[in-house]
Amino acid sequence: MSVENMNKITLHAPIKDNGEEIKAITLMRPNSGHLRGLKLLDLAQMDVTQVTKLLPRIARPRLSPDAVAQIDPIDLMTLSAAISGFFFAKDQIDNERALMNAEIEEADFVPLDTAAVTAP
């Protein structure tokens with residue numbers, strides 16, 4: 001499998017599986033067999049239930065369901081974002097990024113007057 005079809009994620013909080021400490025997880029691009037029984041829209045929207053069903057199928061090292069249940073929320077969000085990225089073509093992602101950057105450049109930012117902010 002080519003490198004473009006994989007994402008290596010270093011975990012914020014390592015997990016244990018079968019007595020082995022896992023500090024990083026590499027995700028393979030799922031194929032239709034990996035996705036059987038899952039809802040694609042829910043995966044693209046980072047639904048926890050769908051993501052935790054898919055992870056044991058595409059993660060290397062292979063993860064048991066018990067190991068997936070240990071994943072820290074920060075790491076789950078990172079893994080979920082990587083998985084949702086598999087459902088969009090590179091040009092779609094690049095176009096969205098360009099639109100976001102244009103919106104940021106056009107935005108009128110008003111500096112926050114910290115002296116005017118009072119603590120509750």
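## A walk from a loop to a charged patch

Gly33 is partly exposed, its relative accessible area being 26%. Keep in mind as you look around that this is a predicted model. You'll find Gly33 in the loop that runs between strand S2 (20-28) and helix H1 (40-44). Along the chain, Gly33 and Arg57 are 24 residues apart, yet in space their C-alpha atoms sit 9.4 Å from each other. Why "partly exposed" for Gly33? Because buried means under 20% relative accessible area and exposed means over 50%, and the 26% of Gly33 lies in between.

From there, hop back to the charged pair formed by Glu21 and Lys23. Side chains of opposite charge can pair when their charged atoms come close. Here the side chains of Glu21 and Lys23 do just that, meeting in a salt bridge at 3.9 Å, N to O. With the cut-off at 4 Å between a Lys or Arg side-chain nitrogen and an Asp or Glu carboxyl oxygen, that pair makes the list. How many salt bridges does the structure hold? Just one. As for cover, the two partners fall into separate classes: Glu21 is partly exposed at 43% relative accessible area, while Lys23 reaches 52% and counts as exposed.

Now for the inside. Gln50 belongs to helix H2 (residues 48-58), and this residue is buried, with a relative accessible area of 7%. So what does Gln50 touch, once residues up to four places away in sequence are set aside? The answer is Leu38, Lys39, Asp42 and Leu43.

Ser80 tells a similar kind of story over in helix H4 (residues 73-85). Its relative accessible area is 3%, so Ser80 is buried too. Skip the neighbours within four places in sequence, and the contacts of Ser80 are with Met46 and Val51.

To finish, head back out to the surface. Glu106 lies in helix H5, which covers residues 90-106. Is Glu106 buried or exposed? With a relative accessible area of 66%, Glu106 is exposed. Glu106 also has company: together with Glu96, Glu103 and Glu105, this residue forms a negative surface patch. Patch members need over 30% relative accessible area and no salt bridge, so the 66% of Glu106 clears the accessibility part of that rule.

Technical notes
Residues numbered from 1 in each chain as written. Predicted model: local features only at pLDDT ≥ 70, side-chain atom pairs only at ≥ 80, totals over all residues. Heavy atoms only, no water. Patch = residues over 30% accessible without salt bridge, like charges linked within 9 Å, V, L, I, M, F, W, Y side chains within 5 Å. Areas by Shrake-Rupley, 256 points an atom, 1.4 Å probe, with all protein chains shown as cover. Lys, Arg positive; Asp, Glu negative; His and termini not counted. Charge placed at Lys NZ, Arg CZ, Asp CG, Glu CD. Helix = DSSP H or I, 4+ residues; strand = E, 2+ residues; numbered from the N terminus. Buried < 20%, exposed > 50% of the residue type's maximum accessible area, 1.4 Å probe, protein only. Contact = heavy atoms within 4.5 Å.
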